[in-house]
Amino acid sequence: MADERDPLVSRRYRELGSEEPPPALDEAILAASRRAAAPRRRWYLPLAAAAVALLAVGIAVQVERQGPDGEAVTAPAAPERRIHEPKALKRESVPAASDSAGDPARQERESRFGERAAEPAAVPAPIPRTAPTEARESALADAMEESPELWLKRIAELRTQGRHEEADKALAEFRQRYPDYKVPEDLIRR
Amino acid sequence: MLAYRGGDGGAFDILYKRHRARLFRFVLRSIPSRGVAEELYQEIWMRVIEARGSYAPKARFTTWLYTIAHNRMVDHWRRSGLSAVSLDDADPPADTRDPARQAEGREALARFAAALEGLPPAQREAFLLHEEADLSVAEIAAATGSNEEAAKSRLRYALAKLKAAADG
């Protein structure tokens with residue numbers, strides 16, 4: 001399409017002036033653009049930490065209320081026993097350290113977790129662990145590093161086995177790692 | 001824009017520097033009140049920032065930018081009581097004109113400024129998009145959501161009126 005300009009009109013138009021936006025306006029817009037381009041992780045990390053802390057307090061209060069209710073009392077006792085286990089048994093001892101040590105199907109399942117966690121292609125960035133010496137948590141950690149789906153599956157297994165405290169802890173870590181992931185209702189409830 | 005969409009904050013600075021003055025004058029000369037013009041100018045850039053994720057290089061960035069500007073302008077005119085269909089014929093509301101701006105400059109220039117300000121919004125927009133933003137008729141049509149015939153016709157009407165004012 002040909003240029004529709006008229007030289008006289010163009011000249012008159014240029015004579016109107018060459019106004020520019022005030023510096024304060026420039027600054028406000030550029031600052032907004034920088035804020036928008038900044039990584040979004042910053043805001044939710046403290047929020048996630050606060051949520052985990054709140055969840056931990058909630059769990060502690062609930063465990064205390066339940067008192068000598070069998071399930072609530074035995075669950076915290078298990079880690080004490082495991083602390084003294086030799087580190088060499090870490091991965092192999094996962095099924096043995098559990099409450100259902102005699103369940104061969106479960107042993108096979110957990111052994112599969114260990115094998116799959118060793119596949120480098122499927123392993124995302126490592127997750128910081130709070131108690132790496134605990135053998136039972138090692139299997140869970142392997143599942144955590146595998147994929148969110150496997151992680152949730154592992155949590156579901158803990159719920160089925162009645163290991164709610166461990167399940168709650170794993171769920172809290174899961175939510176910290178995947179804050180936007182929709183967790184099934186049955187995994188949240190005890 | 002693609003670099004900015006990818007998280008390169010510096011890319012926006014370059015884009016902004018390139019387009020700030022022209023876009024500012026486009027808005028300033030479309031809106032009688034300087035305060036409202038500055039507000040709209042900022043809103044347009046905020047929309048650009050918000051829409052970075054959906055930006056696709058289907059056309060020149062300039063066309064995309066002035067499409068956003070056009071939409072903000074239409075919103076403004078609608079709030080001022082002008083419907084989209086009346087933009088071709090309607091004069092801007094008389095009480096929104098800034099007498100100080102009309103009085104500025106020499107007589108001929110003041111006459112030209114008054115003629116520009118008195119154009120129906122759609123004609124003035126077509127002229128400013130062509131003269132200030134350097135858009136072709138096809139790009140004006142794309143930015144304003146009209147067809148090329150309508151864009152060309154608006155531009156010609158605007159030029160005829162402005163030429164008469166410039167000849168004085």
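Are B:Arg20 and A:Asp26 buried or exposed? Both residues turn out to be buried, and they make a handy way into this predicted model. The two form a salt bridge, with the closest N and O atoms 2.8 Å apart. That pair crosses between chains, running from B:Arg20 in helix H2 of chain B to A:Asp26 in helix H2 of chain A.

B:Arg20 has another partner on chain A. Its side chain also meets that of A:Glu20 in a salt bridge, at 2.9 Å from N to O. Here too the pair goes from one chain to the other, this time from helix H2 of chain B to the loop between H1 and helix H2 (23-37) of chain A, where A:Glu20 sits. The two ends of this bridge differ in burial: B:Arg20 counts as buried because its relative accessibility is 14%, under the 20% limit, whereas A:Glu20, at 42%, counts as partly exposed.

Now for the interface as a whole. Chain B and chain A bury about 3400 Å² between them, and 60% of that is on carbon and sulfur atoms. Chain B puts 41 residues into the contact, and chain A puts in 30. Across this interface there are 9 salt bridges, along with 15 residue pairs in polar contact. On the chain B side, five helices each supply at least two of the residues that touch chain A: H2 (9-28), H3 (34-50), H6 (107-118), H7 (121-131) and H9 (148-167). The largest share comes from H2(B), with 9 residues. Sorted by type, the chain B residues that touch chain A come to 22 nonpolar, 4 polar and 15 charged.

Some of the charged residues are wired together. Side chains of opposite charge can pair when their charged atoms come close. Over all chains, the structure holds 21 salt bridges, and one network of them links A:Arg5, A:Arg14, A:Glu19, B:Arg25, B:Arg29, B:Glu131, B:Glu132 and B:Asp134. Within that group, the side chains of A:Glu19 and B:Arg29 meet at 2.6 Å, N to O. A:Arg5 pairs with B:Glu131, with 3.7 Å between the closest N and O atoms. This second pair links the segment before helix H1 (7-15) of chain A, home of A:Arg5, to helix H7 of chain B, home of B:Glu131. Its ends also differ in burial: A:Arg5 is partly exposed, with a relative accessible area of 26%, while B:Glu131 has a relative accessibility of just 3% and therefore counts as buried.

Another member of the network, B:Asp134, deserves a look for its backbone. Its phi is near 65°, a positive value in a residue other than glycine. B:Asp134 is found in the loop between H7 and helix H8 (137-144) of chain B. With a relative accessible area of 42%, B:Asp134 is partly exposed.

What does the fold of chain B look like, read along the sequence? The pattern is α-α-α-α-α-α-α-α-α, which amounts to 9 helices and 0 strands. Of the 168 residues in chain B, 50% are buried. Among contacts in chain B with a separation of 6 or more, 66% are between residues 24 or more positions apart.

Over in chain A, helix H9 (residues 164-177) offers a quick check on geometry. At 1.5 Å a residue, its 14 residues should span 20 Å, and the end C-alpha atoms are indeed 20 Å apart, so the two values agree. Which residues of H9(A) are buried? They are A:His164, A:Glu166, A:Ala167, A:Asp168, A:Ala170, A:Leu171, A:Ala172 and A:Phe174. A:His164 also has a partner outside H9(A): a polar contact of 3.2 Å joins its side chain to that of A:Arg159, a residue placed in helix H8 (residues 148-160) of chain A. A:Arg159 is buried as well, because its relative accessible area is 8%, under the 20% cut-off.

Notes:
Residues are numbered from 1 along each chain as its sequence is written. Chains are lettered from A and ligands numbered from 1 in the order in which they are written. This is a predicted model: local features need pLDDT of at least 70, side-chain atom pairs count only at pLDDT 80 or more; totals for chains, interfaces and linings use all residues. Side-chain values use heavy atoms; hydrogens and water are left out. Helices (H or I, at least four residues) and strands (E, at least two) are DSSP runs, numbered from the N terminus. The expected span of a helix is 1.5 Å times one less than its number of residues. Buried means under 20% relative accessible area, exposed over 50%, partly exposed in between (1.4 Å probe, protein chains only). Contact means heavy atoms within 4.5 Å. Buried area is the accessible area (1.4 Å probe) that two parts lose on being put together, summed over both. A salt bridge is a side-chain nitrogen of Lys or Arg within 4 Å of a carboxyl oxygen of Asp or Glu. A polar contact is a pair of N or O atoms within 3.5 Å; within protein, one must be able to donate a hydrogen and the other to accept it, and residues adjacent in sequence count only if both atoms are side-chain atoms. Ala, Val, Leu, Ile, Met, Phe, Trp, Tyr, Cys and Pro count as nonpolar, Asp, Glu, Lys and Arg as charged, and the others, Gly among them, as polar.
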